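Subject: A structure for you to look at

Hi there,

Here is the structure I promised to pass on to you. Please open it beside this email, and then read on for what was found in it.

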Amino acid sequence: MANPLNLTSNSLFFIFTLTILYVAYTFPRLQPNQTNLVFFVHDHFTGEDTTAATVAGKTGPTSSILHFGTVAIVDDPVTDGPTMDSTLIGRAQGVYINSQLDGKALFMVFSVIFTTGQYRGSSLEIQGSDIFTMKKREFGIVSGTGYFRFVKGYGVMETEFMDLVNLRATLKLNVTVKHY
Ligand SMILES: *[C@@H]1O[C@H](CO)[C@@H](O)[C@H](O)[C@H]1NC(C)=O
């Protein structure tokens, strides 16, 4: 014998389910935004405008950054163009560790802190390996602040200029991030 009360609650449940499905499929999903930016980082281990220094390594604090095990701290200028007279848009601050036995790759972990322009007050957190003998190498963007809250992404690094004798280099970073 059918119970009328049960029938009503079954119908209600059916309508409820339909409503949920309708809402779930009709309302637009939250789509991540994508931002692409290109900037240049200037690494100077020597010269009057030195911004990078080795602090530890197998032969002490003056170990070469080109040798396995050396740790360097950087506070590099970040510009919007490849030359030093381009607009300064921020600083790249963090650590490089030579982490390949033959000395030909760094592990880098640093923040890009934007001080001027569109992304002023925001930062990107960069982490990855820099196999600097390769023309292009990819690294990860693990997070960010301000405009870049909740970001994840990747970047491609290219050596724009390299003076291996004086350990001065300009790196082009092309970053693509997704965020909400
Ligand atoms: C940056 O990288 C993207 C692919 O990730 C590429 O389409 C774009 O042309 C690059 N931009 C520059 C200026 O190199």
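Let's start in a loop: G57 sits between β2 (52–56) and β3 (71–79). Helices and strands here are DSSP runs (H or I over at least four residues for a helix, E over at least two for a strand), numbered from the N terminus. Please keep in mind that this is a predicted model, in which local features need pLDDT of at least 70 and side-chain atom pairs count only at pLDDT 80 or more, while totals for chains, interfaces and linings use all residues. Residue numbers start from 1 along each chain as its sequence is written.

Is G57 buried, exposed or partly exposed? G57 is partly exposed, because 19 other C-beta atoms lie within 10 Å. The cut-offs are 20 or more such atoms within 10 Å for buried, 12 or fewer for exposed, and partly exposed in between, with C-beta atoms placed from the backbone. Apart from neighbours within four places in sequence, G57 is in contact with S63, H67, G69, T70 and V71. Contact means that two C-beta atoms, placed from the backbone, lie within 7 Å. V23 is another matter: 34 residues separate G57 and V23 along the chain, and their C-alpha atoms are 59 Å apart.

Now for the whole chain. The protein chain has one helix and nine strands, in the order α-β-β-β-β-β-β-β-β-β along the sequence. Its radius of gyration is 25 Å, well over the 16 Å that the globule rule gives for 180 residues, so the chain is more spread out than a compact globule. (The radius is taken over C-alpha atoms, and the rule is 2.2 Å times the number of residues to the power 0.38.) The C-alpha atoms fill a box of roughly 90 × 35 × 25 Å along the principal axes. Of the 180 residues, 26% are buried.

Next, follow the strands from β4 (residues 88–98) onwards. β4 and β5 run antiparallel and are joined by nine bridges, with G94 partnered by F110 in β5. Two strands count as paired if DSSP finds at least two bridges between them. β5 (residues 106–114) also pairs with β6 (residues 123–130), antiparallel over eight bridges. Two of the β6 partners are Q127 for V109 and D130 for L106. On the other side of the pairing list, β6 and β7 (residues 136–145) are antiparallel over five bridges, and Q127 has G140 as its partner in β7. β6 and β7 make a hairpin with five residues between them.

Which residues touch the most other members of the largest nonpolar core? In this core of 30 residues, they are V78, V112 and I126. A nonpolar core is a set of buried Ala, Val, Leu, Ile, Met, Phe, Trp, Tyr and Cys residues joined through C-beta atoms within 7 Å. β5 gives the most to this core, with six residues. Beyond four places in sequence, V112 touches V78, G90, A92, S123, L124 and I126.

Finally, the ligand: V38, V156, N174 and T176 are the residues around it, each with a C-beta atom, placed from the backbone, within 6 Å.

Enjoy exploring it!

Best wishes
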